[in-house]
Amino acid sequence: MYADYSIAHKLLPVGPIGLHLYSMPKLNRRDSWNLISKLSFRRVWNGMKVMSSYYISKWTKKPIQWGYPVSISFEPTTSCNLRCPECPSGLRAFSRPTGMLQKNFFKETIDQLHKELLYLVFYFQGEPYLNPDFLDMVKYAAQKKIYTATSTNAHYLTDENAKRTIESGLDRLIISIDGTTQEVYEQYRVGGNLQKVLEGAKNIVKWKKELKSKTPFIIFQFLVVKPNEHQIEDVKKLADEIGVDAVWLKTAQVYDFDKDPNQLIPTIDKYSRYRKTATGHAFKGKLANHCWRLWHDPVITWDGLVAPCCFDKDAQHRMGDLKQQSFREIWKNGSYKEFRKKILRGRKNIDICANCSEGTRVWGKD
């Protein structure tokens, strides 16, 4: 399951819209101040341009874009060691090729973007730690004073990798932990080993202390599904025992939610993106004809394709190819303008918007 990011959880201390947050307020403030410390006049000015152009576009129904991305998601790889039932990587369901992001290509792209770019998510599909150059790329971005985050299934957080992770300057580490016992965990994380996940988390906490580092902000992300919903309180206790900084309870995206063939939709309503109907389930979201993601937060695949957002997992809506054009050319080209125009006209008719969590989120702290 991909990590679901929005500008709200990047900039605000109370946690992301769409996730229920359990953590210490002091630690949240420390993470927020760390992000704020990355700001420069140029990044602030760019953010103001992006936000104002978004609201003007929303009001006028005309696609206007004055700035450049505040954040991006960069895909280290499409490869994954697990077989999660609602994940294209796990299902091996991509039509696009599997591969690894090359370090030189990454550096060239970041060199184009870093003066305006505030936040970099090293994740889209796949397991980032499978890319042997992953932590070198994190370090490069950190040296540009960009806030860096990633999401991992934690099977490769060996003692050595944990130490290198701290030394890389990574700012936020999301560890997917969807069960507190092996029996429950493996029902969604097919092929996974919970003991490895817990050992990896402990390695990160250990090296963070030994190296006296304030980063990364360590998060247990718990994807709430029917098999694990009874373990919500258990994962909070486990997080406290290990010493991670926060627990995020995330609603699950289910592709065939009407029938729910894998029996994943939880019975606890506030943790579900779907409501029960007489014949099955229906999506709760209200798809308003605007989307902040299209103005501030694109996705770049491992091989240089630019996709509009993280819900386009197979990069079917391709805005451009960085192997052929610069990012600045792509960001304001005809394809991007036309896609933003479609969003403003009728978002419910766009396939990747049909299951989007933007419409099913609530603020909250458990």
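**Entry 1: a nonpolar patch**

I started at the surface and found a nonpolar patch of about 790 Å², made by W33, I36, L39, F41, V44, W45 and M48. Two elements, α2 (25-36) and α3 (41-60), each give two or more residues to this patch. I then asked which element gives the most, and it is α3, with four residues. A reminder to myself: this is a predicted model.

**Entry 2: I36**

Next I picked one patch member, I36, and looked up its place, which is in helix α2. I36 has a relative accessible area of 38%, so I noted it as partly exposed.

**Entry 3: G179**

I moved on to a glycine. G179 sits in the loop between β5 (172-176) and α8 (182-188). Is G179 buried or exposed? Its relative accessible area is 0%, so G179 is buried. I also looked up what G179 touches, leaving aside neighbours within four places in sequence: the contacts are V184, Y185, L194, F222 and Q231. For one of these, L194, I checked the spacing: G179 and L194 are 15 residues apart in sequence, and their C-alpha atoms are 7.9 Å apart in space.

**Entry 4: cysteines**

My last search was for disulfides, and the whole structure has zero. Why is C309 not bonded to C310? The closest cysteine sulfur to that of C309 is in C310, at 5.2 Å, which is too far for a bond, because a disulfide needs the two sulfur atoms within 2.5 Å. I looked up burial too: C309 counts as buried at 7% relative accessibility. C291 counts as buried as well, at 7% relative accessibility.

Methods:
Residues are numbered from 1 along each chain as its sequence is written. This is a predicted model: local features need pLDDT of at least 70, side-chain atom pairs count only at pLDDT 80 or more; totals for chains, interfaces and linings use all residues. Side-chain values use heavy atoms; hydrogens and water are left out. Patches are made of residues with over 30% relative accessible area and no salt bridge: like charges are joined within 9 Å, nonpolar side chains (Val, Leu, Ile, Met, Phe, Trp, Tyr) within 5 Å. Accessible areas come from the Shrake-Rupley method with a 1.4 Å probe; for residues, only the protein chains shown count as cover. A salt bridge is a side-chain nitrogen of Lys or Arg within 4 Å of a carboxyl oxygen of Asp or Glu. Buried means under 20% relative accessible area, exposed over 50%, partly exposed in between (1.4 Å probe, protein chains only). Contact means heavy atoms within 4.5 Å.
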